[in-house]
Structure formats: structure tokens, C-alpha cells
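Colleague: Before I rely on the terms used for this model, I should like to hear how each is justified.
Modeller: Please put the questions one at a time.

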There are 2 protein chains.
Amino acid sequence: MRIGLLGFGVVGRGVYDLTAPREDMSVVKVVCLEDVTLPDAEVTKNFQDLLNDDSIDTVVEAMGGLHPAFEFVKASIEAGKNIVTSNKALVATFYDELIPLAKEKGVCFRCTAAVGGGIGWLSELERARRMQTIQKVGGIMNGTCNYILDSMTRLGLTYADALSQAQALGYAEANPTTDVEGIDTWHKVILSSNVAFGISLVPETVPVAGISRIKATDVENFTSHGYVCKLISTGKCADGNVSAYVQPTLVPTTEPESVVPANYNLITLVGSASGRMSFYGQGAGRYPTAYNVVQDCADVLTGKGFYSPYGGKVSAKNTDMLRYYVSGAADAWLDEITEERWGDAVITKPVSVEAMHTWLKDQPAAFIAAFAE
Amino acid sequence: MRIGLLGFGVVGRGVYDLTAPREDMSVVKVVCLEDVTLPDAEVTKNFQDLLNDDSIDTVVEAMGGLHPAFEFVKASIEAGKNIVTSNKALVATFYDELIPLAKEKGVCFRCTAAVGGGIGWLSELERARRMQTIQKVGGIMNGTCNYILDSMTRLGLTYADALSQAQALGYAEANPTTDVEGIDTWHKVILSSNVAFGISLVPETVPVAGISRIKATDVENFTSHGYVCKLISTGKCADGNVSAYVQPTLVPTTEPESVVPANYNLITLVGSASGRMSFYGQGAGRYPTAYNVVQDCADVLTGKGFYSPYGGKVSAKNTDMLRYYVSGAADAWLDEITEERWGDAVITKPVSVEAMHTWLKDQPAAFIAAFAE
């Protein structure tokens with residue numbers, strides 16, 4: 001396999017390092033804007049140099065972002081090149097264009113590192129769905145949020161201090177919005193649901209609530225009541241009805257999710273034959289992520305295409321009835337659904353996920369956390 | 001694929017059920033001693049009927065036990081049939097005969113359900129080792145022990161009551177020795193180490209301590225000091241030195257192992273690129289186990305042989321220095337290595353795993369638990 005590599009940042013460099021000693025694949029050309037010199041690969045700033053190189057059979061996209069990643073990947077597919085990417089935003093956003101196009105052009109398309117970093121989660125789903133119906137996917141999919149919530153819970157830090165510490169350690173970006181508002185997790189659960197259920201979720205129908213409004217007093221409340229707060233994604237399919245959402249969730253301390261430390265992920269599937277299976281590992285980082293990119297390249301060598309058939313567009317219907325913890329808000333609807341109070345916070349009666357997230361849109365300061373089912 | 005099925009107990013029946021709706025494989029002949037009538041498969045008490053049926057390309061062994069399972073599997077390999085089995089005792093015990101023979105005869109040999117039941121653990125190892133060096137394997141591999149220890153910890157049951165409950169629920173056999181003395185886990189860590197490190201461990205060099213001597217007072221001791229006791233297996237390989245052992249282990253409540261409930265398993269690998277990856281699921285049960293047997297059949301269809309090359313015989317050298325909790329014993333050596341006391345129990349200074357297990361052999365009532373590294 002002759003690889004053209006787009007991007008030479010954290011992941012791209014890792015892919016270069018991990019493929020260097022291998023005989024079955026090599027990075028022969030790298031497109032990046034920095035001045036880099038490599039012993040074994042040509043470096044160019046011009047994507048066309050890669051696209052027009054017929055000796056390159058596989059493009060590894062490690063640039064991140066939507067543009068020009070989308071245009072480069074699309075052009076590469078149209079040129080008959082296989083695609084391996086770790087870019088969850090790209091695949092979740094352009095699922096309906098890229099997945100059918102790859103199939104039409106007969107090229108492999110793999111993106112295992114896009115969800116779970118070092119965990120081979122999408123490969124697990126691909127394997128699991130050969131044998132059974134997948135009923136549920138989800139879990140802790142974002143290491144930044146887990147690091148912040150874990151630091152607040154175990155060390156008693158404020159949100160601001162936990163975020164600063166995550167940034168200092170390189171676990172959070174300077175602008176952490178994508179992670180802390182749950183957008184990264186949202187991309188991942190959409191992509192996971194698409195693969196698990198053989199559908200194409202309409203992203204706008206998947207509500208997301210992040211962790212940026214959580215306060216130290218919320219965490220104290222959770223701890224004193226025996227719960228741990230985690231940002232949890234959920235995708236479910238039953239009788240043709242799909243529900244999918246991302247929200248802070250209160251997990252009892254007896255559940256595996258409750259002890260996931262630092263920037264680790266814990267992702268779960270429930271299958272009709274296997275029951276619950278969970279996968280724990282580093283959700284990010286150069287080598288864990290690059291590891292699964294190179295695993296994808298090895299799978300491309302064995303002819304593996306995408307993980308599941310491309311299905312039609314499906315809107316999520318979030319009728320699940322859950323109890324919620326709500327702080328930082330007060331209005332008539334909240335009064336109406338209040339079941340009890342934890343200090344200044346409200347514990348609601350069961351309300352639909354959809355109703356809660358619709359209400360949340362007009363609440364500039366409210367923090368919500370669902371009680372785990 | 002035309003399957004000959006040996007045994008029609010819990011797993012065999014599950015395999016029959018899961019393959020029934022599939023078009024790529026079917027069970028055509030079943031060898032079992034009970035009187036069973038099946039709509040789609042011939043049932044016989046005579047193994048030769050299966051062996052001599054040239055239309056059968058794959059034998060699924062679901063009998064359990066060493067004999068005649070070994071003779072039947074060996075004869076099947078010699079007749080050119082692929083093997084799928086969930087029998088860890090068989091594979092761990094006859095590794096040196098069966099794995100090279102399968103390779104010599106050019107047949108596939110898969111035993112994914114032998115470790116971790118519904119977790120595709122050996123397949124995970126196979127995938128992980130394509131890309132990196134595996135440094136460590138192990139974890140909670142026996143659901144019976146986990147159920148007993150979990151019930152003692154969470155419900156405050158005595159060992160005898162927890163065992164009775166496990167037996168009543170079908171999680172423990174009438175004769176629980178293989179599970180509670182750690183033999184089942186021992187087979188599993190030997191097999192896992194063989195696959196992970198490409199070796200053939202000499203079983204006698206892998207020490208095992210079980211849980212049958214644990215008392216409610218031990219569990220109270222652990223809980224009051226912030227630990228949870230689990231039966232943990234360990235296999236490590238560094239600089240060509242392999243260590244491997246099975247022993248009760250004290251896990252801090254911040255570690256994922258500490259919250260594994262009921263009869264679940266949590267199995268971990270540490271790889272040079274991926275870092276720590278853990279797999280959580282049901283370690284036994286009809287459909288979880290049968291699920292991975294059928295997964296193996298699907299992998300045989302794609303031509304997958306064994307998980308790793310057969311390596312030479314290797315003796316474990318258990319020089320790891322660990323601190324231990326010891327109860328139910330008193331002698332001069334124990335006095336010498338005592339660091340502190342928890343009530344009547346002793347906490348030792350770091351001693352080698354080998355020294356502790358050698359000492360334990362002559363202690364009829366001692367219970368030991370290592371502090372996790």
C-alpha cells in the first residue's frame with residue numbers, strides 16, 4: 001500500500017511513525033503547509049501533487065476540520081483512492097455524500113479512529129453486527145469532558161480550574177467549545193448510530209447538551225447523593241424507532257462509567273446475542289489514534305470497505321422518559337415537573353428527552369443532567 | 001459452511017439457534033449422547049458419523065472436558081476439518097499438539113469464546129498484535145469468582161452463602177472447584193499469553209491462587225481500607241522475560257476492575273501503541289458464548305487461521321515484587337516479611353510472586369491477595 005498523507009500534525013506524524021517499520025504499507029507523499037523534510041516521503045504543499053500521483057492507492061486524511069478536508073477526500077474517492085480518516089466531524093457531516101460515493105467508486109472507506117481514538121470501536125460494531133441486531137450504542141466518547149468532570153469530582157476543582165488544567169495538559173484545546181458543548185460527542189454518536197443501525201441520522205434531530213455550565217455545587221450535590229456526572233451519548237434502535245442524544249448523565253457509583261478516569265473513554269454496545277459489551281481505552285492521543293488509522297490501512301489491504309451498508313435518512317424520535325437534575329433555572333414548566341429538590345437544584349419527574357432539550361434551548365444558564373436509565 | 005457440532009448443551013444449543021437463520025453456515029450434524037431431534041440436522045451418538053462425512057468442513061466442539069474432546073478435535077484436524085471451540089481447558093492443555101497440527105494440516109483453528117465468553121478477546125488480541133507489541137494481558141476472566149466476590153463485597157454475604165447463590169442462579173457448578181480455585185482463569189491467562197506474546201507457556205510455571213478461603217472478615221478489611229478484591233490474572237512480556245500468574249488482587253475503588261458487577265468480565269491488554277485497552281462483557285452464558293463461536297465460524301469463512309504464530313515453549317519467571325494481604329496463617333517467614341497488620345491479617349513488604357506462591361503451597365488455610373501494581 002502506497003499512502004498519501006494529508007496533514008502532519010499530532011495524528012499524521014503518528015501515522016508516519018507507525019507505518020515506517022512496516023513492509024506492507026508506506027507513506028510516500030505528505031501534504032502539509034509547514035516546512036517538513038522526511039527521509040522516506042515527498043512533502044508538498046499542493047494537494048494536486050498527491051491526487052495526480054497514480055501510484056498512491058490510499059489517502060490518509062489527518063488534517064481535521066471540514067474544509068478543505070471534504071473537498072480533498074471527495075476528489076480522492078473520485079480518483080479511485082481508498083480513504084482512511086480519523087475526522088469524525090467530516091464523516092458525520094458529509095455521511096450522505098461520502099459513504100455512497102465510496103461505494104459507487106468501489107473504494108474502501110475507513111474511519112475507525114474517529115470514535116474512541118485507540119479503541120477500535122467502529123471495527124467492533126462492524127464485527128458485532130455480522131451476527132446480531134445492535135440495540136444500543138453510546139457511552140463516554142470525549143476525553144476532554146471526562147477529564148474535566150473527573151477532576152471536578154475527585155479533586156473538587158471548579159469548572160474553570162479543571163478546564164485550565166486540561167488545557168495545560170493538552171487534553172483540551174485553547175477554544176474548547178467543540179468538546180465541552182458536546183459537539184464532538186454528537187458527531188461520534190451520529191456516526192456510531194449510522195454504522196450500528198445501518199441508517200443516516202438527520203443530525204438536527206439529535207439534541208446535545210454539554211458540560212460548560214456545571215458548577216462545583218452541582219458536583220457536590222451529585223457526590224452527596226451517590227452519583228457521578230459523565231457526558232454520555234445514547235443511540236438506540238427498537239422496532240424501527242431510533243432515538244439519539246448527548247447529555248450530562250448521573251451514573252450510580254456501581255456502574256463502570258462512574259470510575260472512568262482522566263481522559264479515558266468507555267463505549268458500549270448492546271446486541272441481541274452478545275448482550276452488553278463495553279470498550280475502554282484512550283480516546284485520543286497521537287499513538288492511540290494513529291494506531292487505529294494504521295489498523296484501518298491494514299483492513300483496507302484485506303479489502304474491507306465501509307462498516308455497514310448505507311441506509312436511508314432517519315430522524316431521531318426522542319420520546320424516552322427520563323428524570324433530570326436541573327440547576328441554574330426557574331420557571332413555570334420547571335415548577336410543574338419538579339419532583340424534589342437537592343438544595344437549589346430541581347429533580348424532575350420523568351419527562352421526554354425531546355421536551356427537556358427543547359426547553360433547554362431558551363435557558364441561557366441552566367445545567368441539566370439526566371439520571372441514567 | 002457445513003458444520004458438525006460436538007455437544008448439544010448450553011453452548012451447543014446456542015450455536016444451533018444462532019446459525020439457524022444464516023445462509024452462510026448451517027449445522028448439518030450433531031454428535032450428542034442425549035436423544036434430541038432437530039428439524040435441520042442429523043443427530044448421532046457416534047463421532048465417526050461426523051468424522052467420515054466429507055461434506056462437513058468445520059467442526060464446532062462444544063462438549064467441554066479434555067477427553068474425548070481432544071481425541072475428537074485431533075482426528076477432525078487430521079481429516080482436514082476446521083475447528084471452532086470454546087473449550088479453554090482443551091486448548092490451554094493441548095496447545096503444543098493442536099496448534100502446530102492445525103497449521104501443518106492447513107485448517108483454521110479458532111477458540112475466541114474460550115476466553116471472555118461474549119467478549120471477542122482473542123480476536124482483539126489478534127487485531128492488536130498486527131500493529132504493535134503486546135506488553136500485558138489479564139484481568140477479570142471468571143464470572144463465577146466475580147459473582148461470589150461481588151456478592152460478598154456489596155451484600156456482605158459469607159463465602160458459603162455467595163457460592164450457594166451463584167449455584168442457584170446457574171453461575172457456579174455443583175462442584176465449583178475449577179472456577180473458585182482459579183483453574184479456569186489459569187487456562188485463560190495461559191491461552192491469552194500464548195496468543196499475545198507468540199509463545200507456549202509451560203503451565204506448571206504459572207502459579208494460581210483461588211478465592212475459596214476468603215472470609216467475610218477479609219472482605220470487611222478490604223472495604224474499610226478502600227479496596228475491592230477481585231480474582232485477577234496477569235501475563236506480561238518485557239525484554240523476552242515472561243511472567244504469568246493468577247491471584248486474588250486488591251484493587252483501589254478508583255480502578256475500573258473494582259466496579260465490575262455480578263458475573264461480568266473485564267479483560268485488558270496494554271500495547272506499545274494503543275496503550276491500555278479493556279473489554280467488558282458477559283464472560284459466559286449461552287448466547288454470549290455461542291455468539292463468539294459463530295463469529296469464529298464467520299472468520300473461518302474469511303480464511304482466518306489461528307490468532308498468532310505458534311512459538312516455542314517458555315517458562316514464566318515470576319520475579320515481580322508485590323505487597324500481599326495474608327490471613328489464616330502465621331509462621332516465621334510471614335513474621336519476617338510483615339510490614340503492618342490489618343486486624344489479624346498481615347500486610348507484607350514487597351515479595352516476589354514466586355516466593356509467595358511457593359510459601360502458599362504448604363499453607364492449608366491461608367488466603368492471599370496481592371495489592372494491584
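Colleague: Why are β12(A) and strand β12 (residues 275–282) of chain B called paired?
Modeller: Two strands pair if DSSP finds at least two bridges between them. Five bridges join β12(A) to β12(B), so the term applies, and the two run antiparallel. Strands here are DSSP E runs of at least two residues, and helices are H or I runs of at least four, numbered from the N terminus. One bridge partner is B:M277, which faces A:G281. The model is predicted: local features need pLDDT of at least 70 and side-chain atom pairs 80 or more, while totals for chains, interfaces and linings use all residues. Residues are numbered from 1 along each chain as written, and chains are lettered from A and ligands numbered from 1 in the order written.

Colleague: What makes a residue part of the contact between the chains?
Modeller: Two residues are in contact if their C-beta atoms, placed from the backbone, lie within 7 Å. The contact takes 31 residues from chain A and 31 residues from chain B. On the side of chain A, β12(A) gives the most, with eight residues.

Colleague: What makes β3 (42–44) and β6 (109–110) of chain B edge strands?
Modeller: Each pairs on one side only. They belong to an open sheet of six strands with parallel pairing, in the order β3-β2-β1-β4-β5-β6 (chain B).

Colleague: How do you know that strand β5 (residues 82–85) of chain B pairs with β6(B)?
Modeller: Two bridges join them in the parallel sense; at least two are required, so β5(B) and β6(B) count as paired. B:V84 stands opposite B:R110 in β6(B).
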